[in-house]
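Colleague: I should like to learn how to read a protein model, one feature at a time. Where should a beginner start?

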Amino acid sequence: MPGPRISDYLSPEELASLPNLELRARRLVEGFLNGLHRSPFQGCNVEFKEHRKYTHGDELRSIDWKVYARTDRLHVRLHEEDSNLSTSLLLDRSASMDYRSGKAAMNKYDFARAVAAALLLFLSRQRDAFSLGLVGRNAAGFAKPSSSDMNFERLLSVLSAPADSADCRWEETLIQLTRTLRPRPIVVLISDFYVDPETLVPLLELIRRRNGEVLLFHVFDPAERDFFEDGALLLQEPETMGRLLVTPELIRADYREVFAAHQTALSNLASDFGGEYLPLCTDRPPLELFGAWLRAREKAGRRR
């Protein structure tokens, strides 16, 4: 079995030093994702399955011109991979995602955007259908999944939006996803999940009704996990702007217990809906965390 490559462990400092989002995505993909034998998000069956009516946004190459010649109507050919799966990424753009402690090389939003962009690039190279939505007080960027290069470029532009929403309202995604989700999708939520896990249930129910799979990618700063600051500390909540003066030494143990319980609740919620939970701490190399999970997913042969 080959040993790890240096590029598999692209550090947060190296990632932060790259000047733009597309370059970060390409570096991540070239470092690891290209090494996968097949997409970790779907199987390899590309046999023809059925036709459906052409809709605006479908790839022209998928049109069955023989059917058009017989019926004078446009239909597209669906293969097993088309009819079974597309991937939709939902990225939290709330103000809390803009946080970065002194122990992290980049803030949570930049870290999450790099991971999201790498996933989009990988799916594009695999010619898999993909979409992206930004979730804040309002939802933005939603469209029907497509595997086109134009879609990738458009979504990179969507990702350039700052994390400037006061909060993250996952319920705002329900209408958009009802319109855009294909049957049997994979839906990836990338967030710091500053919510009660139960508020995600309606969204996960929608995904389950579409026979889909949900993945929760939990992005957090090491300070949010460890609460390592010493001395009196004035905390300010970035979404409500509320303030609280605390003495870390007195609450650190209780805080860590609460944080661990929140992670467990998120993991259990994903499991209850047949999905997976992946913790991503911003002080760790993205590929060390994300790559290990993708390798395990590939090895397990997860297919929809």
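Modeller: We start with burial: a residue is buried under 20% relative accessible area, exposed over 50% and partly exposed in between (1.4 Å probe, protein chains only). This is a predicted model, in which local features need pLDDT of at least 70 and side-chain atom pairs count only at pLDDT 80 or more, while totals for chains, interfaces and linings use all residues. Residues are numbered from 1 along each chain as its sequence is written, and side-chain values use heavy atoms, leaving out hydrogens and water.

Colleague: Is Arg184 buried, partly exposed or exposed?

Modeller: With a relative accessible area of 29%, Arg184 is partly exposed. Over the whole protein, 50% of the 304 residues count as buried.

Colleague: How many helices and strands does the protein have?

Modeller: Helices (H or I, at least four residues) and strands (E, at least two) are DSSP runs, numbered from the N terminus. In this model there are 11 helices and 10 strands. Arg184 lies in the loop between helix H7 (173–180) and strand E6 (186–191).

Colleague: What is the phi of Arg184?

Modeller: Most residues other than glycine have a negative phi. Arg184, however, has a positive phi, near 55°. Asn211 is not a glycine either, and its phi is about 60°, again positive. Asn211 is placed in the loop between helix H8 (201–209) and strand E7.

Colleague: With which residues is Leu278 in contact, apart from its neighbours within four places in sequence?

Modeller: A contact means heavy atoms within 4.5 Å. Those neighbours aside, Leu278 is in contact with Leu216, Phe217, His218, Leu289, Phe290 and Trp293. Leu278 belongs to strand E10 (residues 276–281) and is buried, at a relative accessible area of 8%. From C-alpha to C-alpha, Leu278 and Leu266 are 9.6 Å apart, with their positions 12 residues apart in sequence.

Colleague: Where is Ala104 found?

Modeller: Ala104 sits in the loop between strand E3 (87–92) and helix H5 (108–125). Ala104 is buried, with a relative accessible area of 4%. Leaving aside neighbours within four places in sequence, Ala104 is in contact with Asp221, Pro222 and Thr282. The C-alpha atoms of Ala104 and Ala223 are 8.7 Å apart, although 119 residues separate the two in sequence. In the protein as a whole, 76% of the contacts between residues at least 6 apart in sequence join residues at least 24 apart.

Colleague: Which side chain makes a polar contact with the side chain of Asp110?

Modeller: A polar contact is a pair of N or O atoms within 3.5 Å; within protein, one must be able to donate a hydrogen and the other to accept it, and residues adjacent in sequence count only if both atoms are side-chain atoms. The side chain of Asp110, in helix H5, makes such a contact with the side chain of Arg113, at 2.7 Å. Backbone atoms may also take part. The side chain of Ser148 reaches the backbone nitrogen of Asn151 at 3.0 Å. Ser148 is in the loop between strand E5 (139–140) and helix H6 (149–159), and counts as buried at 14% relative accessibility. Arg252 offers another case: a polar atom of its side chain lies 2.6 Å from the backbone oxygen of Phe227. Arg252 is in helix H10 and is buried, at 15% relative accessible area. The C-alpha atoms of Arg252 and Asp226 are separated by 7.7 Å, the residues being 26 apart along the chain.

Colleague: How many aromatic pairs are there?

Modeller: Rings of Phe, Tyr and Trp (its six-membered ring) pair if their centres lie within 6.5 Å; planes under 30 degrees apart count as stacked, over 60 as edge-to-face and the rest as tilted. By this rule there are three aromatic pairs. One of them joins Phe220 and Phe259 edge-to-face, with 5.3 Å from centre to centre and 75° between the planes.

Colleague: Why does this pair tie together parts that are 39 residues apart in sequence?

Modeller: Phe220 lies in strand E7 (residues 213–220) and Phe259 in helix H10 (residues 248–272), so their pairing connects parts separated by 39 residues in sequence. Both Phe220 and Phe259 are buried.
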